[in-house]
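Subject: Structure handover

Dear colleague,

I am passing on the structure below, together with an account of what was found in it. Please have it open while you read, since the notes refer to individual residues throughout.

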Amino acid sequence: MVRDQRTNRRIRAREVRVVGPNAEQLGVMSLEAALARAQADGLDLVEISPMAKPPVCKIMDYGKFKYEEKKKASDAKKKQVVVHLKEVKLRPKTEEHDYEFKVRNVRRFLEEGNKAKITIQFRGREITHKELGSAILDDVTKDLKEIAVVEQNPRMEGRQMFMILAPNPKVAQRARDLARQQVEAAGKKQEGRPADVKPAVAAVVSALAVGNATPIASKE
């Protein structure tokens, strides 16, 4: 199926191979006969394989089909995990407590399924001691080896040295599973609300239903 198929009178072929609404093969027939068959069923004739000889058309409710396709695409988009690239900056002489704090942040980023760009900033004559920056990046890699993989090896860019870490496959899958569970839970919660009622109003309705007359302020 493609997005904007020809339907009904927009179909140009004189003869078409017809598939019924229940996927049954109805054979080759004239366009007029196929249109009459679709009209008798109260449905549309939709060209699904225009390059075939003769073109293949299916009898279906095209409006319903387009709605369901749009809904599937929307649901799939909601379940997608958006991966962010978060940057953490360090110095060649970063103090131990600051290093540990930032590594903890990197760990959290990775466990959420994101990627981390670790940047070493050189100032003044520090640029002559690039080995200090390399040593820090090595330490970060070692401290996070159980959850991270090096996606981009350390490299220089101007007065900065950086590398990119990504969660290993196990951690990434765990983050995706958790994100899907959260989306599904939110969807079920939304389904439980009164139809066509905004969240804040739904809370008021629920409160009044159990005799709680205390109004709930809406932030909308």
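Before the notes on helix α1, one term is needed: a contact here means heavy atoms within 4.5 Å. Please also keep in mind that this is a predicted model, and that everything below is computed from it.

To begin with the overall layout, the protein chain has six helices and eight strands, and along the sequence these follow one another in the pattern β-β-α-β-β-α-β-α-β-α-β-β-α-α. Of the 220 residues in the protein chain, 28% count as buried, while the accessible surface comes to about 15000 Å², with 51% of that surface belonging to carbon and sulfur atoms. Among the contacts with a separation of 6 or more, 56% are accounted for by residues that lie 24 or more positions apart.

Turning to helix α1, which spans residues 31-40, you will find that Leu31, Ala34, Leu35 and Ala38 are buried. These four cover an arc of only 100 degrees around the axis, and they therefore sit on the same side of α1. The background to this is that an α-helix has 3.6 residues a turn, so residues three or four places apart point the same way. What covers the buried residues of α1 includes the strands β1 (15-19), β2 (25-30), β3 and β4 (56-60). After α1 comes Gly42, which has a positive phi, near 70 degrees.

One of those covering strands, β3 (residues 44-49), contains Glu47. Is Glu47 buried or exposed? Its relative accessible area is 5%, and because buried means under 20%, Glu47 counts as buried. Leaving aside residues up to four places away in sequence, Glu47 touches Gln5, Arg6, Ile11, Pro55, Val56 and Cys57.

As for charged pairs, a search of the whole structure finds nine salt bridges, and I describe some of them here. Asp41 forms a salt bridge with Arg37, with the closest N and O atoms 3.9 Å apart. Asp41 is partly exposed, at a relative accessible area of 37%, and Arg37 also counts as partly exposed, at 36% relative accessibility.

A further salt bridge joins the side chains of Glu69 and Lys72, at 3.8 Å from N to O. Both residues belong to helix α2 (residues 62-79), and because they are three residues apart, about one helical turn separates them. Glu69 is partly exposed, with a relative accessible area of 37%, whereas Lys72 is exposed, with a relative accessible area of 55%.

Which parts of the chain are linked by the pair Arg91 and Glu126? The side chains of Arg91 and Glu126 meet in a salt bridge of 2.5 Å, N to O, and this pair links distant parts of the chain, the two residues being 35 residues apart. Arg91 lies in the loop between β5 (85-90) and α3 (96-111), and Glu126 in the loop between β6 (115-121) and α4 (130-143). Arg91 counts as partly exposed, at 24% relative accessibility, while Glu126, at 15%, counts as buried.

With kind regards

Methods: Residues numbered from 1 in each chain as written. Predicted model: local features only at pLDDT ≥ 70, side-chain atom pairs only at ≥ 80, totals over all residues. Heavy atoms only, no water. Buried < 20%, exposed > 50% of the residue type's maximum accessible area, 1.4 Å probe, protein only. Areas by Shrake-Rupley, 256 points an atom, 1.4 Å probe, with all protein chains shown as cover. Salt bridge = Lys/Arg side-chain N within 4 Å of Asp/Glu carboxyl O. Arc of directions from axis to C-beta.
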